[in-house]
Amino acid sequence: MISVSNVTMRYGSKLLFEDVSVTFTDGRRYGLTGPNGAGKSTFMKVLTGELDAQKGNVVRPRKFGVLKQNQFEFDAYRVLDTVIMGNKPLWAALEEREVIYNKAEMTDEDGIRLGELEGIVGEEDGYEAESNAAILLQGLDIPDELHERKMSELQGGQKVRVLLAQALFGNPDALFLDEPTNHLDLDSIHWLENFLNRYSGTVITISHDRHFLNSICTHIADIDYETIITYTGGYDDMVLQKTQVRSRIESQNEQREKKIAQLNEFIARFSAGTRSSQVNSRKKEVERLQTTELARSNIQRPFLSFKMERPSGKHLLEIEALCKSYTQPDGKVEQVIRNFSTAVMRGEKIVMIGRNGQGKTTLLKSIIAEAPGVDDHEREANFADAGGVKWGHEANVGYFAQDHTASIQKGTTAAEWLHSFDPKAAKEDIRGLLGQMLFRGEEGNKKTEALSGGEAARLLFCKLMLQKPNVLILDEPTNHLDLESINALNQALQKYEGTVFLVTHDQDMIEEVGTRIWHFAGGPDDFHITDHKGPYEEYEQKRAMAEK
């Protein structure tokens, strides 16, 4: 059990939460939700002991796992060792045992200490540590050939999965996971969901993936109104309960205010007369009926709406036998896309799914390299090696890159950068667009180099709304967005009348936006893209039937 008593945290003049008391019960899985800036990561650090609460105290179990956010912290270590470090007592015993074994001569004290250390190793399942770590890594799609390598040799997404295995290692009593699905593909997310649903300890996770929260959470701890309120169920259940509670309090306040107004009218009419006892009685009634003061919610909801300047032609895109290879640093040429052919019609919403590193971004960039009106820096080194990409009549492409911060020019302000894409636009229109995406007041004058990942993403959406393209190409657009922004994007894409190419691991978006699926699968020898003309649910049913 994890117990929080009267905890308060503030930064400068900003109060995050005050006098919070909450208990996280064994065997339950909690989603920690709230908008960006509400204090989720701060509260998580207080729970793990990384930060001391400014007021109050926290009781936590002796053995718990934490998902590390610093991908470079373990670069000097083997992948297997990095995972085993998740069990701190075991790793400390293994390191001390190694030091003693490396001595030229051992003393009697060393021999006694070795016996104690072997006892710790046995109690912590240390003799099966490497095989247990390997099982976790395999489940998270880290192949056996990488287990002996240094962490510095891994890609960013692979490092995140190793750090997730580290948090899960050693059967901890509680897990603290801050954005565990970041950089995970859909198969890895499903594996994690299954693992956590079988896990018997306490789970507290921050996530902006609505489907993930609905799949694993038994409860939601929501940070809002400068406090933390726990709701039963998943994220959607919390939203419904929260809305009902707020509506009920507002309705009760409205009724109380009417009653108070009536009583005050009586008091004003008769306070100078002979009915003093009745006046005093009503004054007491007014004090008793004082309305519940409603704290202001931290939640801010952006407004996304993608329009088209004009529609494209009916036949939007033809791809014929497209091939694309890359030369690795060791000189080895790796073919990523092989002989892919298809045709895309106006209005289709294509979602690309599959493991990380299987060519989704590569295919998008090869398509974009041939698109009309795309910046030259998006074309460099992205042309296909073979095959053809032909865009149809009046195609006008808007692009959201996976590394989207590199798409925004430095040395200017958000408003100036946005205005550069339509110099004829009125400043009021620019401010209006920025306001829709939560750049309030003077925030539009923020320097582009100072933008956070979420702010940069919202600014790019402003650009797309300003340009009004009839084709949207979006490569993992939900990274750095909070739940409210992701939900707004989901709804905007569903309503958009143009054509969409979307790479995402957000299952709700895959299911609710996609009208066609491109599934990337296989290895170097059997790579293929399955082109299913229909929604994701239908595609999954088809796959399940084929596997029977």
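Arg310 comes out partly exposed in this predicted model, with a relative accessible area of 41%. Its side chain meets that of Glu394 in a salt bridge, at 2.7 Å from N to O. Glu394 counts as partly exposed too, at 32% relative accessibility. Arg310 sits in the loop between helix 10 (276–288) and strand 10 (315–327), and Glu394 in the loop between strand 13 (386–391) and strand 14 (397–400), so the pair ties together parts that are 84 residues apart in sequence.

That pair belongs to a bigger topic: the structure holds 24 salt bridges. Arg78, Asp81, Glu130 and Glu148 are joined into one network by salt bridges that share partners. Arg210 and Asp508 pair up as well, their closest N and O atoms being 2.9 Å apart. Here the link runs from helix 8 (residues 210–216) to helix 17 (residues 507–513), across 298 residues. Both ends count as buried, Arg210 at 18% relative accessibility and Asp508 at 7%.

Then there is the packing of helix 3 (residues 88–101) against helix 4 (residues 108–123), at an angle of about 150° and with the axes 9 Å apart. The two helices are therefore roughly antiparallel to each other, and their crossing is left-handed. Among the residues making the contact are Leu90, Leu94 and Ile100 of helix 3 and Leu114, Leu117 and Val121 of helix 4. By class, the contact has 10 nonpolar and 5 charged residues, with no polar ones. Arg97 of helix 3 and Glu118 of helix 4, 21 residues apart, form a salt bridge with their closest N and O atoms 3.2 Å apart. Glu118 is partly exposed, at a relative accessible area of 22%.

Key. Residues numbered from 1 in each chain as written. Predicted model: local features only at pLDDT ≥ 70, side-chain atom pairs only at ≥ 80, totals over all residues. Heavy atoms only, no water. Axes fitted to C-alpha atoms, helices over the stretch in contact; angles between N-to-C directions. Helix = DSSP H or I, 4+ residues; strand = E, 2+ residues; numbered from the N terminus. Parallel < 35°, antiparallel > 145°, perpendicular 65-115°, else oblique. Left-handed = near helix turned anticlockwise from the far one by under 90°. Contact = heavy atoms within 4.5 Å. Nonpolar A, V, L, I, M, F, W, Y, C, P; charged D, E, K, R; others polar. Salt bridge = Lys/Arg side-chain N within 4 Å of Asp/Glu carboxyl O. Buried < 20%, exposed > 50% of the residue type's maximum accessible area, 1.4 Å probe, protein only.
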